[in-house]
Amino acid sequence: MKYAVLGLLIERRGYGYDLANRLQARLGPGFRAAYGAVYVSLDQLAKDQLVAEAKRVQAGRQVKVYYEATPAGIERFASWMCEPPSREPLRGELYLKLAVAQGAHLPNLRLELERLERECLRDLQEQTAAMDLTTEPGDDLRWDAAVRWLADAALVERLHGDLRWIRMALSTIAGAAEDGSVSRARLLEAAALASA
């Protein structure tokens, strides 16, 4: 997050709330730019001397602190852009619950997975509708519109993957015995269902 904030500050100076809104506008509804995370990023960047306070503006009781990238920040951002990105590890709460579940927990996990399946289907429908390129005038899109489309496409692909995995988990749970054991044949069936 902090280097994305730095990239925005290289484009033009800004303050926390402004930066969160700019990032949200670029990435769309699939990415939640938490304001708190932006402020933490600004603090880290300032501590590392990658950004500096440019000015303070009094707005009623609040003070807007504008930041701008330092030469060291510009250099670090260029270096970060050349680093290979890493894949996110599976460490969400659902995966943790599945890891420690016992047979008695499976009915509740099935209900939660069914709820998540409905959410995925709803989000897929909404996100696919939001990817309409006909709202942009002309044949050529501005880079920020193309990035937004790519972010939306990434979310759609992730939702498809989540949906396949949820259906695989539901199939596995449906075939589990009371003690929580699952036959190898059932797992292979669940895997075939997910790849269909």
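The exercises below deal with salt bridges and a nonpolar surface patch in a predicted model.

**Exercise 1.** Find what separates Arg115 and Glu112 along helix H6, and state whether each is buried or exposed or in between.

Solution.
Step 1. A salt bridge joins the side chains of Arg115 and Glu112, with an N to O distance of 2.8 Å.
Step 2. Both residues belong to helix H6, which covers residues 106-130. They are 3 residues apart, so about one helical turn separates them.
Step 3. The partly exposed class runs between 20% and 50% relative accessible area. Arg115 has 32% and is partly exposed. Glu112, at 29%, is partly exposed.

**Exercise 2.** Determine which helices are tied together by the salt bridge between Arg167 and Glu117.

Solution.
Step 1. The side chains of Arg167 and Glu117 form a salt bridge of 2.8 Å, taken from N to O.
Step 2. Arg167 is in helix H7 and Glu117 is in helix H6, so the bridge ties together parts that lie 50 residues apart in sequence.
Step 3. Buried means under 20% relative accessible area. Glu117 has 18% and is therefore buried. Arg167, at 34%, is partly exposed.

**Exercise 3.** Describe the salt bridge between Glu11 and Arg22, and name the network that contains these residues.

Solution.
Step 1. In this pair the closest N and O atoms are 4.0 Å apart. The cut-off for a salt bridge is within 4 Å.
Step 2. Glu11 lies in helix H1 (residues 2-11), while Arg22 lies in helix H2 (residues 16-27). The pair therefore ties together parts 11 residues apart in sequence.
Step 3. The relative accessible area of Glu11 is 45%, so Glu11 is partly exposed. Arg22 has 10% and counts as buried.
Step 4. Through shared partners, salt bridges join Glu11, Asp18, Arg22 and Arg26 into one network.
Step 5. A search of the whole structure finds 16 salt bridges, the pair Glu11 and Arg22 being one of them.

**Exercise 4.** Identify the residues of the nonpolar surface patch and check that Leu150 meets the accessibility cut-off for a patch.

Solution.
Step 1. The patch is made by Leu133, Leu141, Trp143, Trp149 and Leu150, and has an area of about 520 Å².
Step 2. Leu150 is found in helix H7, residues 143-174.
Step 3. A patch residue needs over 30% relative accessible area. Leu150 has 47%, so Leu150 meets this cut-off.
Step 4. With that value, Leu150 counts as partly exposed.

Conventions. Residues numbered from 1 in each chain as written. Predicted model: local features only at pLDDT ≥ 70, side-chain atom pairs only at ≥ 80, totals over all residues. Heavy atoms only, no water. Patch = residues over 30% accessible without salt bridge, like charges linked within 9 Å, V, L, I, M, F, W, Y side chains within 5 Å. Areas by Shrake-Rupley, 256 points an atom, 1.4 Å probe, with all protein chains shown as cover. Helix = DSSP H or I, 4+ residues; strand = E, 2+ residues; numbered from the N terminus. Buried < 20%, exposed > 50% of the residue type's maximum accessible area, 1.4 Å probe, protein only.
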